[in-house]
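Here are my notes on this one, as promised. Have the model open while you read.

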Amino acid sequence: MAYRLTIATLASAAPMGAQVYEEEIARRAPAVLPEAEVRRTVVRSLRSDLPGTVRLPARVLGDAPAAVRRATGRLIYPRGLVHRMGLSLPPAPGPEVITIHDTVAWRFPDEGRPEPHAAREARRAAAVVSVSRFSADDVAERLGLDHVDAVHNGVDARFVNAEPLPVAERRALGIERPYVLHAGGSSLRKNLDGLAEAWALVHDAVGDVDLVLSGPPSARRDALFGPLPRTVRVGRVPSAQVPGLVAGARAVVVPSLYEGFGLPALEAMACGVPVVAADRSSLPEVCGDAALLVEPDADGLGAGLVAVLRDEAPVAAMVRRGRERAARFTWEASADAHARIWRRVLATG
């Protein structure tokens with residue numbers, strides 16, 4: 001074959017939105033770039049029991065000098081173009097594309113530390129990709145780049161017109177009543193404090209609805225919502241149940257102060273569930289006019305949820321627009337856009 005593309009990722013024990021992106025693009029890469037041999041490099045730590053192809057000490061992934069990182073890249077990547085889907089991974093010796101989802105590590109103290117080599121290595125890359133125009137511009141400004149390609153994520157076809165969970169499965173999760181769903185993490189940018197304050201207003205106005213919170217175990221989430229009435233924390237839900245959990249909700253709320261993309265909003269729209277989302281960061285770009293965009297404070301989130309739950313907002317029209325909009329966000333379209341970037345780099349490499 002004329003070309004070789006290596007897609008490099010970091011093994012993860014708790015897959016979230018970034019890992020969904022990695023797997024969806026890597027799986028489709030051979031089909032959208034048939035003229036190239038496509039390989040995977042999955043890096044894991046020395047003691048990790050996760051699946052992977054390469055083991056590296058943690059220091060090489062973080063604090064190692066630039067020369068050591070470059071030497072490591074020469075050892076672990078084959079010749080050809082490398083798409084590095086994580087700044088902590090060592091840089092490639094030849095042309096490379098880097099995906100940078102967002103700048104949260106620079107903005108929020110609980111999102112991990114910023115990668116110390118980020119700016120230098122991003123400037124050296126043949127192309128940098130981010131998952132929304134908002135994030136692309138934010139990454140470019142933060143790292144001093146002239147241009148970052150924006151390629152939207154897609155939505156899994158399982159969410160398109162998904163059926164709600166059967167009653168038995170819903171009850172096994174502890175869900176007994178109609179519910180609003182929040183799905184995701186609990187870091188500061190997710191604005192769970194604002195949602196907790198808003199829920200008191202919603203509960204007073206619409207008392208027959210629960211707030212269901214799904215996501216990895218979190219002491220912070222437990223402290224905020226444990227004392228509140230009509231809240232159910234279901235933890236991390238098996239992947240097979242997630243579309244049904246979303247589809248059964250009266251509304252999905254995304255109160256985040258910062259999202260690089262906002263996949264829960266898109267998944268809800270694909271399910272035909274109304275979305276109340278913060279009018280911040282990438283969420284207006286992803287949601288367009290297919291969600292109720294509000295100020296991410298207690299009054300804004302509370303009023304938005306009450307309006308949707310009482311049908312005071314144009315819910316039916318919003319749901320229709322949501323389905324139509326979600327249909328435009330496919331992983332096939334995302335993979336095709338990546339292939340155009342890979343070909344552009346290969347043509348000049």
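The points below cover the sheet, its helices, an aromatic cluster and two buried side chains.

1. Ground rules. This is a predicted model, so to speak only of what it supports: local features need pLDDT of at least 70, side-chain atom pairs count only at pLDDT 80 or more, and totals for chains, interfaces and linings use all residues. Residues are numbered from 1 along each chain as its sequence is written, and side-chain values use heavy atoms, with hydrogens and water left out.

2. The sheet. Six strands (DSSP runs of E, at least two residues; helices are H or I, at least four, and both are numbered from the N terminus) make an open sheet in the order β10-β9-β8-β11-β12-β13, with parallel pairing. Pairing here takes at least two DSSP bridges between two strands. At the edges sit β10 (231-235) and β13 (292-294), each pairing on one side only. The average twist from one strand to the next is 25°. Between β8 (residues 179-183) and β11 (residues 251-254) there are two bridges, and Val 180 stands opposite Ala 251.

3. Helices on the sheet. Helix α7 (residues 192-205) touches β8, β9, β10 and β11 (contact is heavy atoms within 4.5 Å), and its direction makes about 165° with that of β9. Helix α12 (residues 298-309) lies across β8, β11, β12 and β13, at about 160° to β13. Those angles run from 0 to 180 degrees between N-to-C directions, with axes fitted to C-alpha atoms, for helices over the stretch in contact.

4. The aromatic cluster. Phe 108, Phe 134 and Tyr 258 form one cluster. Rings of Phe, Tyr and Trp (its six-membered ring) pair if their centres lie within 6.5 Å; planes under 30 degrees apart are stacked, over 60 edge-to-face, the rest tilted. The whole structure has three aromatic pairs. Phe 108 and Tyr 258 are edge-to-face, at 6.4 Å and 75°, and 150 residues apart. Tyr 258 is buried at 3% relative accessibility (buried is under 20%, exposed over 50%, partly exposed in between, with a 1.4 Å probe and protein chains only). Phe 134 and Tyr 258 are edge-to-face too, at 5.4 Å and 65°. Phe 134 is partly exposed at 27%.

5. Asp 138. This residue of helix α5 (residues 133-143) is buried at 7%. Beyond four places in sequence, Asp 138 contacts Thr 103, Arg 107 and Tyr 258.

6. Arg 44. Is Arg 44 buried or exposed? It counts as buried, at 18%, and belongs to strand β2 (residues 36-45). The Arg 44 side chain reaches the backbone oxygen of Leu 50 at 2.7 Å.

Technical notes. A polar contact is a pair of N or O atoms within 3.5 Å; within protein, one must be able to donate a hydrogen and the other to accept it, and residues adjacent in sequence count only if both atoms are side-chain atoms.
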